[in-house]
Amino acid sequence: MAFIAGIILIDAPASALNNAPQSESARTENVIPVKQIKTRLGSFPYVSAQAFRYWLRTTLENNPELGWKSAPVFREQKIAYTDANPIEYWDDDLFGYMRAASKKTEAIEAREKDKSRSIETHTTTEITRVSPFRVSTFVSIAPVSIVDDFGTMSRHDGDPVPHEHEFYRTVLKGLFSLDLKSAGTFSYRDKTGFRNLDETRKDIAIQKNLEHLEKEMSFRLPIEERKKRIGALLKGLSIIYGGAKQALHYTDVTPTVLMAMVIKGGNNPMQYVIGADGKGLPVVNVDSLEEMFKAWGDKIVSKIYVGWIQGFYDEEREKLKAKLDEITANTSYGYTLNHPRTIISELLNDMDKEENKSWLE
């Protein structure tokens with residue numbers, strides 16, 4: 001079972017990418033604080049995993065060349081869910097779902113009257129799917145001082161309207177993982193968290209001649225279809241955009257650094273390869289990098305894909321390159337260093353090679 005495991009850095013030079021509810025101690029009624037983790041060391045701004053996944057979904061949906069197929073969303077009062085059909089919809093496949101419609105009489109009647117549900121896949125029981133794509137919270141690599149910016153709206157007669165918002169300057173770090181075996185593989189095991197398909201969806205799988213993995217109680221899409229979905233997701237990751245306060249701060253949230261590799265098992269040993277120095281600036285931990293290879297080298301089944309934009313702490317980029325030259329000199333996998341978008345393309349090209357077909361098995 002192979003996973004793409006990676007680490008991403010987002011450069012946030014003056015940003016407020018994910019905001020929190022108004023504080024009770026605010027000086028004005030119009031206050032927008034940033035999400036932050038408060039510790040004894042100081043405040044660590046962060047972007048929630050939910051926000052990052054939303055940016056990625058939006059990016060995938062708004063770039064037709066990626067071919068992304070999004071599932072329709074249905075709402076019942078205080079709950080909402082997608083169509084939960086991973087055979088048809090790529091986001092249900094790679095982002096997962098939980099489908100448990102209300103059994104109340106009024107809810108059933110409301111569904112029957114809702115014309116938007118004409119495209120809905122009939123559901124016979126509760127179904128769930130654990131997301132093959134996982135992402136962590138993106139947290140500042142060091143504690144920072146949060147800036148409180150005070151302003152006014154004064155383009156009108158009368159007293160100006162005061163408002164304030166917080167922002168910060170930092171580098172955010174997060175981890176991601178993609179379960180390559182699970183992508184395009186759908187279980188019908190009658191067990192919580194494993195039942196991706198009900199009887200309706202099993203019938204669809206049979207009609208479409210999906211590969212039947214009887215021992216695993218699963219159906220699987222053709223490998224080329226699985227590669228298309230994985231490719232679209234990773235390409236979307238390399239051009240991701242979004243975030244709050246873009247009209248004021250316009251932060252480019254595409255990865256400034258993206259390191260990835262294909263590894264057996266769901267572990268991600270890259271957490272400590274990049275950290276912060278005493279000034280809170282990014283630093284490559286070469287000792288951690290060397291230890292990672294010693295501890296996990298037997299699990300790594302690909303080259304190391306290093307995307308690092310030139311101009312972003314170039315001394316650290318060169319330090320990383322020198323250490324990788326030294327470490328991989330006597331290994332079979334090696335590494336590649338280029339722009340983050342370029343290394344995503346290289347990874348996908350390598351996935352297409354015959355010798356790497358085991359990655360998706």
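The questions below concern two helix pairs in a predicted model.

Q: Are α5 and α9 roughly parallel or roughly antiparallel to each other?
A: Helix α5 spans residues 223-238 and helix α9 spans residues 340-351, and their axes come within 9 Å and cross at roughly 170°. Angles over 145 degrees count as roughly antiparallel. The two helices, α5 and α9, are therefore roughly antiparallel.

Q: Which residues of α9 make the contact with α5, and how do the residues of this contact divide by class?
A: The crossing of α5 and α9 is right-handed. On the α5 side the contact is made by Lys227, Ile230, Gly231, Leu234, Lys235 and Ser238, and on the α9 side by Arg341, Ile344, Leu347, Leu348 and Met351. By class, the residues of this contact divide into 6 nonpolar, 2 polar and 3 charged.

Q: Is α7 roughly parallel or roughly antiparallel to α8?
A: The axes of helix α7 (residues 286-296) and helix α8 (residues 314-328) come within 10 Å, with a crossing angle of roughly 30°. Because angles under 35 degrees count as roughly parallel, this angle makes α7 and α8 roughly parallel.

Q: Which residues of α7 meet α8, and how many residues of the contact are charged?
A: Helix α7 passes α8 in a right-handed crossing. From α8, the residues Lys319, Leu320, Lys323, Leu324, Glu326, Ile327 and Thr328 take part, and they are met by Val286, Leu289, Glu290 and Phe293 of α7. The contact of α7 with α8 has 6 nonpolar residues and 1 polar residue, and the number of charged residues is 4.

Methods:
Residues numbered from 1 in each chain as written. Predicted model: local features only at pLDDT ≥ 70, side-chain atom pairs only at ≥ 80, totals over all residues. Heavy atoms only, no water. Axes fitted to C-alpha atoms, helices over the stretch in contact; angles between N-to-C directions. Helix = DSSP H or I, 4+ residues; strand = E, 2+ residues; numbered from the N terminus. Parallel < 35°, antiparallel > 145°, perpendicular 65-115°, else oblique. Left-handed = near helix turned anticlockwise from the far one by under 90°. Contact = heavy atoms within 4.5 Å. Nonpolar A, V, L, I, M, F, W, Y, C, P; charged D, E, K, R; others polar.
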